[in-house]
Amino acid sequence: MTNIQTQYAGLKLRNPIIVGSSGLTIKPERNKEFEKAGAGAIVLKSLFEEQIEMQGQSLLQETDYPEAVDYLFQYVKANQINQYLDLIKATKDRCSIPVIASINCYKADAWIDFARQIEIAGADALELNIFQLETALNETGERTRDLYVDIIRQVKETVHIPVIVKMGKFFNNIPAMANTLKVNGADAIVLFNRFYQPDIDINSRQIVSGNVFSNHSDISDTLRWTAIVSGMIPGICLASSTGVQEWEDVVKCILAGASAVQLCSALYTHGPEIIPQLLTGLEEWMQHANFQSIAQFKGTLNYANIKDPSTYERAQFMKYLSSRD
Ligand SMILES: Cc1cc2nc3c(=O)[nH]c(=O)nc-3n(C[C@H](O)[C@H](O)[C@H](O)COP(=O)(O)O)c2cc1C
């Protein structure tokens, strides 16, 4: 009998397939469809502090009463947050799989305020979608690291539900960053978030949006860092994300050390129907390889468990390139 249950951030999931945060998870009815299709958990679309503020600003521009500014702003903020809390409650009412809320803020007090309300609304866990794009010439990497540390520490002091950090891949030392997050309380880490990709339209000479969706080649970086981080940091709990599109990718991420995978682009492209295909592929592969549980093969190809860890590193890259004519 094949058991595909997994433990993720202290939550028991019936399987490792998590629906990633995006516009796909903004409706409770749709979230129920993902559950019916077999998803192990759902991450709701992020509540963006910046978006709330932008909506507040646009309303303010329309008012002729400056004295109403504060009132209007607080009203918009409360309304947006309440809509999000309603989404959590309505999804929890319909679904029995874990529902993970997600927030993206830029002010320290907003992370804490949102986190507190989200826990009360009944979310099973909270994912912190931290996106800091450093551009100042006089800034150092330490400042970014300290910012992440402050956020995770303060949120952990505020809530009791598991807290997950969704990291971008633009750190000069990803394992060190992941370790810092774990030491400061992160119950799991998502490797990686995929940010807005800008492009340039050479005809209009405008900055436009690049490809919104990941493609399959993106899985390589995800696998490499899942394997290295999982092998270097004992006990760390990881979800692989970015480029997971086929059932083989799910198997690969678990072999590399992930407890779960998150999917977004594949769900936009194929709909919830892809979930049963991924699950069948995973189960059949496990049966064929004689594995009864995820734990039996999780991390067996991570950095600590393979004979030649340089396979994941630069040395291998040079060997590969120099062997090509
Ligand atoms: C249209 C769209 C909206 C997204 N919105 C969010 C979001 O609100 N919060 C978040 O953390 N990630 C968001 N993401 C990122 C995805 O959750 C995911 O990390 C990324 O797409 C990489 O996974 P994939 O390769 O399976 O697409 C979004 C992605 C897409 C394509």
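**Strands, helices and salt bridges in a predicted model**

Good morning. I begin with one pair of residues: Glu127 has Ile164, in strand S8, as its bridge partner. What we see is a predicted model, in which local features need pLDDT of at least 70 and side-chain atom pairs count only at pLDDT 80 or more, while totals for chains, interfaces and linings use all residues. Residues are numbered from 1 along each chain as its sequence is written, and side-chain values use heavy atoms, with hydrogens and water left out.

A word on naming: helices (H or I, at least four residues) and strands (E, at least two) are DSSP runs, numbered from the N terminus. Two strands are said to pair if DSSP finds at least two bridges between them.

Let us stay with S8, residues 163-167. Is this strand buried or exposed? Five of its five residues are buried, so the strand is largely enclosed by the rest of the structure. Here, buried means under 20% relative accessible area, exposed means over 50%, and partly exposed lies in between, with a 1.4 Å probe and protein chains only. In a regular strand, side chains alternate between the two faces of the sheet. In S8, Val163, Val165 and Met167 point one way, whereas Ile164 and Lys166 point the other way.

Which strands pair with S8? Strand S7 (residues 125-129) does so in the parallel sense, over four bridges. From S7 the chain passes through helix H5 (residues 141-158) to S8, in a β-α-β crossover that is right-handed. By right-handed we mean that, with the strands pointing away from the viewer, the path from the first strand over the helix to the second runs clockwise. Strand S9 (residues 188-191) is also joined to S8 by four bridges, and the two run parallel. Within this pairing, Val165 stands opposite Ile189 in S9. The chain reaches S9 from S8 through helix H6 (residues 174-183), and this β-α-β crossover is right-handed.

I turn now to strand S13, residues 260-263. Ala260 and Gln262 point one way from S13, Val261 and Leu263 point the other way, and all are buried. Strand S3 (residues 17-19) runs parallel to S13 and is joined to it by three bridges; Val19 has Leu263 as its bridge partner. Three bridges also join S13 to strand S12 (residues 238-241), again in parallel, and Ser241 stands opposite Gln262. Between S12 and S13 the chain crosses through helix H8 (residues 247-256), and this β-α-β crossover is right-handed.

Next, helix H4, residues 108-121. H4 has 14 residues and reaches 21 Å from its first C-alpha to its last, close to the expected 20 Å; the expected span is 1.5 Å times one less than the number of residues. Its buried residues include Trp111, Ile112, Phe114 and Ile118. After H4 comes Gly122, whose phi is positive, near 110 degrees.

Side chains of opposite charge can pair when their charged atoms come close. How many salt bridges does a search of the whole structure find? It finds eight, a salt bridge being a side-chain nitrogen of Lys or Arg within 4 Å of a carboxyl oxygen of Asp or Glu. One of them joins the side chains of Lys107 and Glu49, at 3.2 Å from N to O. Lys107 lies in the loop between strand S6 (99-104) and H4, and Glu49 in helix H2 (residues 49-62), so this pair ties together parts that are 58 residues apart in sequence. Lys107 is partly exposed, at 34% relative accessibility, whereas Glu49 is buried, at 4%.

Another salt bridge links Asp124 and Lys92, with the closest N and O atoms 2.9 Å apart. Asp124 belongs to the loop between H4 and S7 and Lys92 to helix H3 (residues 69-94), so parts 32 residues apart in sequence are tied together. Asp124 is partly exposed, with a relative accessible area of 22%, and Lys92 is partly exposed at 27%.

A further salt bridge is formed by Asp187 and Lys156, at 2.8 Å from N to O. Here Asp187, in the loop between H6 and S9, is linked to Lys156 in helix H5, 31 residues apart. Asp187 counts as partly exposed at 29% relative accessibility, as does Lys156 at 27%.

To close, I return to S8: its five residues are all buried. Thank you.
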